[in-house]
Amino acid sequence: MENMKSARRNDSGEAGSDLSEQIKAATMDNHVRAENTQLMLSYQKGQITLPQYKVLLCSLYNIYKALEEELDRNASHPAVAPIYFPQELARLESLRSDLEHFLGSDWKKKVIVPAATHRYEQRLREIGRENPELLVAHAYTRYLGDLSGGQVLGKITQKSLGLSSKEGLSFFSFPGVSSPNRFKQLYRSRMNSIELTEAERAAVLEEAVGAFELNIQVFDDLQKMLSIATETADQSERSLQTSRLPASPIMQFTVGLCLTLATIGAGMYVL
């Protein structure tokens, strides 16, 4: 597998031994693909909409709920303990705050995620039970990615949504990290100190590639869900206009989402 081969070499062409460098090399192509999904391209261009942001938050909540619960459960595992930083990195409470801001106090009843998010969650639960060392790949992929892009994406989101304050943007804030760059250096150093057999290291690299693939599938499913919802809402509006019934934008989007879930096999999960 080409990604695995490239993971063993640094820029000079020599074999690299640091796990963080090997994961970065192994996932390089997948990283580019993730950044070029339709949803992420819209985000980078400052074209993220409130419906897009809300459904993204819902999926992130499910993903981080699974990841952080499994990290907590395996905190003393020799592969997890070195990269276990709940006070600095945990995102679950931030996501709860953001969802409550946008969806209201009963937000748990409104969480909608596509099937790809559920598969991602199931994978995290599976490795947490059977192969905790593979959580290293997911923690690295999620936390360092969010920490690296948090400040920039937070500003893009605030501007795109026309928000006058940072309420609803807690996900992008890491109050426990005073210097993202220094913390990332510490995190990589801790990760590189993890003792793994050759087979375990290969499995972690493969899992990191799989983590990016799961993220790509989530982005694609969210975009598909929103596209079908918008089209369905437009059809509902035309139908309601024909029958001379008023249609609010919220009602149109809700109807569209419900029909979309049935159309692409996505599910609603009450947490």
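1. The largest nonpolar core of this predicted model has 66 residues, and those with the most contacts inside the core are Leu19, Ile23, Tyr43, Tyr53, Tyr64, Tyr187 and Met191. Helix α5 gives the most to this core, with twelve residues. As a general background to such a grouping, nonpolar side chains in soluble globular proteins tend to be buried together.

2. Ile23 is worth following in the viewer, since a list of its partners can be given. If neighbours within four places in sequence are left aside, Ile23 is in contact with Tyr140, Met191, Val204, Leu205 and Ala208. Met191 appears in this list, and Met191 is also named, together with Ile23, among the core residues with the most contacts.

3. The largest pocket holds about 960 Å³ of space. Its lining is made of 32 residues, of which His31, Glu35, Thr141, Gly145 and Asp146 are the closest to the centre of the pocket. The elements that each give two or more residues to this lining are α2 (19-26), α3 (28-35), α4 (38-44), α5 (50-73), α9 (135-161) and α11 (198-242).

4. Which helix gives the largest share of the lining of the largest pocket? That share comes from α9, which gives twelve residues. By residue type, the lining divides into 16 nonpolar, ten polar and six charged residues, so a student colouring the pocket by type should look for each of these three groups.

5. Lys155 is found in helix α9, the helix that gives the pocket lining its largest share. Is Lys155 buried or exposed? Lys155 counts as exposed because its relative accessibility is 60%, and the cut-off for that word is over 50%. The C-alpha atom of Lys155 is separated by 9.1 Å from that of Leu169, a residue that lies 14 residues apart from Lys155 along the chain.

6. A search of the whole structure finds ten salt bridges, and one of them is formed by Arg125 and Glu70, whose closest N and O atoms are 3.2 Å apart. This pair links distant parts of the chain, with Arg125 in helix α8 (residues 115-130) and Glu70 in helix α5, 55 residues apart. Both partners are classed as buried: Arg125 has a relative accessible area of 19%, and Glu70 has a relative accessibility of 5%, where the word buried requires a value under 20%.

7. A second salt bridge joins the side chains of Arg96 and Glu93, at 2.2 Å from N to O. Because Arg96 and Glu93 are three residues apart in helix α7 (residues 92-103), they are separated by about one helical turn. Their accessibility classes should be read separately, for Arg96 counts as partly exposed at 25%, whereas Glu93 counts as exposed at 54%.

8. Helix α8 also holds a salt bridge between Glu126 and Arg123, which lie three residues apart, about one turn of the helix, and whose closest N and O atoms are 3.3 Å apart. Glu126 is partly exposed, with a relative accessible area of 31%, and Arg123 is partly exposed too, with a relative accessible area of 25%. Elsewhere, salt bridges that share partners join Lys65, Glu69, Glu70, Arg73 and Arg125 into one network. In general terms, side chains of opposite charge can pair when their charged atoms come close.

How values were computed. Residues are numbered from 1 along each chain as its sequence is written. This is a predicted model: local features need pLDDT of at least 70, side-chain atom pairs count only at pLDDT 80 or more; totals for chains, interfaces and linings use all residues. Side-chain values use heavy atoms; hydrogens and water are left out. On a 1 Å grid over the protein atoms alone, a cavity is a set of points where a 1.4 Å probe fits but cannot get out, and a pocket is an open set with protein on both sides within 12 Å along at least five of seven lines; lining residues have an atom within 4 Å of a point. Grid points are joined across faces, edges and corners, and a volume is the space filled by probe spheres set on the points. Helices (H or I, at least four residues) and strands (E, at least two) are DSSP runs, numbered from the N terminus. A nonpolar core is a set of buried Ala, Val, Leu, Ile, Met, Phe, Trp, Tyr and Cys residues joined through side-chain atoms within 4.5 Å. Buried means under 20% relative accessible area, exposed over 50%, partly exposed in between (1.4 Å probe, protein chains only). Contact means heavy atoms within 4.5 Å. A salt bridge is a side-chain nitrogen of Lys or Arg within 4 Å of a carboxyl oxygen of Asp or Glu.
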